[in-house]
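Trainee: Could you sit with me for a while and explain how the labels on this model are earned?

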Amino acid sequence: LRPGDAKRASPWTAVGDRLVQRLHVPVLIISTGIGGSTVAGWSRGAEDPQERPSVYSPFRSTIRRWVPYTGLRAVVWFGNENDLNQGPTAEVFTDNFKRLIARSRSDAGIPNLPWIIGFDAYDPGILEKIGAVEMQRRKERLDRGTQKVLESVPYTYDGPQTDDLGPEFRRSDGDHFNEAGVRELG
């Protein structure tokens, strides 16, 4: 998959290339993200393996299968667009995120597994649906919730905040990254 593919753009190719250049070690990135998901959905799936559909299930399967062979250096969380759409309070968002991180560390067998928390909630559709004032309110709640996680959960790190990557970095849908956006994110 090349960055900026007409059907789906992935920043992970560019991220992997940058890490290899900088660290001079092999890099394996396994994407287990599910479009349309929320932190609450991931947390529910993490806590209840019987939950269907579970957005956490592919992640759990991946770490159980591959960690013994490849190791695991960090989890990169990149999203929150759908959390913005749902509009949880900062407290609910924080609580769900903390439970998700704790469960992932337990499932991986790595108590101090680092989490890098990125944020991308740039979605003109949400803006159109709820308006600029409510969108800003919701974004501030998610920012506060994320900040609480970063301050209270060890080995969590602030990742890229990509909402400022405007239209020149977006595809014609105004939302997803184009080739320039994927490279900039990487």
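Mentor: Gladly; we will take the labels one by one and set each against its definition.
Mentor: This is a predicted model, in which local features need pLDDT of at least 70 and side-chain atom pairs count only at pLDDT 80 or more, while totals for chains, interfaces and linings use all residues. Residues are numbered from 1 along each chain as its sequence is written, and side-chain values use heavy atoms, with hydrogens and water left out.

Trainee: Why is Asp 107 called buried?
Mentor: Buried means under 20% relative accessible area, exposed means over 50%, and partly exposed lies in between (1.4 Å probe, protein chains only). Asp 107 has a relative accessible area of 11%, so it is buried.

Trainee: What makes the pair of Asp 107 and Arg 64 a salt bridge?
Mentor: The term asks for a side-chain nitrogen of Lys or Arg within 4 Å of a carboxyl oxygen of Asp or Glu. The closest N and O atoms of Asp 107 and Arg 64 are 3.5 Å apart, so the pair qualifies. This pair links distant parts of the chain, with Asp 107 in helix 5 (residues 90–108) and Arg 64 in helix 3 (residues 57–70), 43 residues apart. Helices here are DSSP runs (H or I, at least four residues), as are strands (E, at least two), numbered from the N terminus.

Trainee: Which residues share a salt-bridge network with Asp 107?
Mentor: Arg 60, Arg 64 and Arg 103 are linked with Asp 107 in that network. The structure holds 13 salt bridges. Side chains of opposite charge can pair when their charged atoms come close.

Trainee: How do you know that Lys 148 and Glu 91 form a salt bridge?
Mentor: Their N to O distance is 3.3 Å, so the pair meets the cut-off. Again the pair links distant parts of the chain: Lys 148 is in helix 7 (residues 132–152) and Glu 91 in helix 5, 57 residues apart. At 32% relative accessibility, Lys 148 counts as partly exposed.

Trainee: What about Arg 99 and Asp 95: where do they lie?
Mentor: Both are in helix 5, four residues apart, about one turn of the helix. Their side chains meet in a salt bridge at 2.3 Å, N to O. Arg 99 is partly exposed at 28%, and Asp 95 is partly exposed at 39%.

Trainee: Which residue's side chain makes a polar contact with that of Arg 99?
Mentor: Ser 43, in helix 2, does so at 3.3 Å. A polar contact is a pair of N or O atoms within 3.5 Å; within protein, one must be able to donate a hydrogen and the other to accept it, and residues adjacent in sequence count only if both atoms are side-chain atoms. The distance is inside that limit, so the label fits. Ser 43 has a relative accessible area of 0%, so buried is the word for it.

Trainee: What makes a nonpolar core?
Mentor: A core is a set of buried Ala, Val, Leu, Ile, Met, Phe, Trp, Tyr and Cys residues joined through side-chain atoms within 4.5 Å. The largest one here has 28 residues, of which Trp 77, Phe 97, Leu 100 and Trp 115 touch the most other members. Helix 5 gives the most to this core, with five residues.

Trainee: Which residues does Trp 77 contact?
Mentor: Leaving aside neighbours within four places in sequence, Trp 77 is in contact (heavy atoms within 4.5 Å) with residues including Val 39, Trp 42, Phe 97 and Leu 100.

Trainee: Why is His 24 called exposed?
Mentor: His 24 has a relative accessible area of 67%, so it passes the cut-off for exposed. The residue is in the loop between helix 1 and helix 2.

Trainee: What else is notable about the backbone of His 24?
Mentor: His 24 has a positive phi of about 55° although it is not a glycine. Most residues other than glycine have a negative phi. Tyr 155 also has a positive phi, near 60°, and is found in the loop between helix 7 and strand 3 (156–161).

Trainee: And is Tyr 155 buried, partly exposed or exposed?
Mentor: At 39% relative accessibility, Tyr 155 falls in between the two cut-offs, so it counts as partly exposed.
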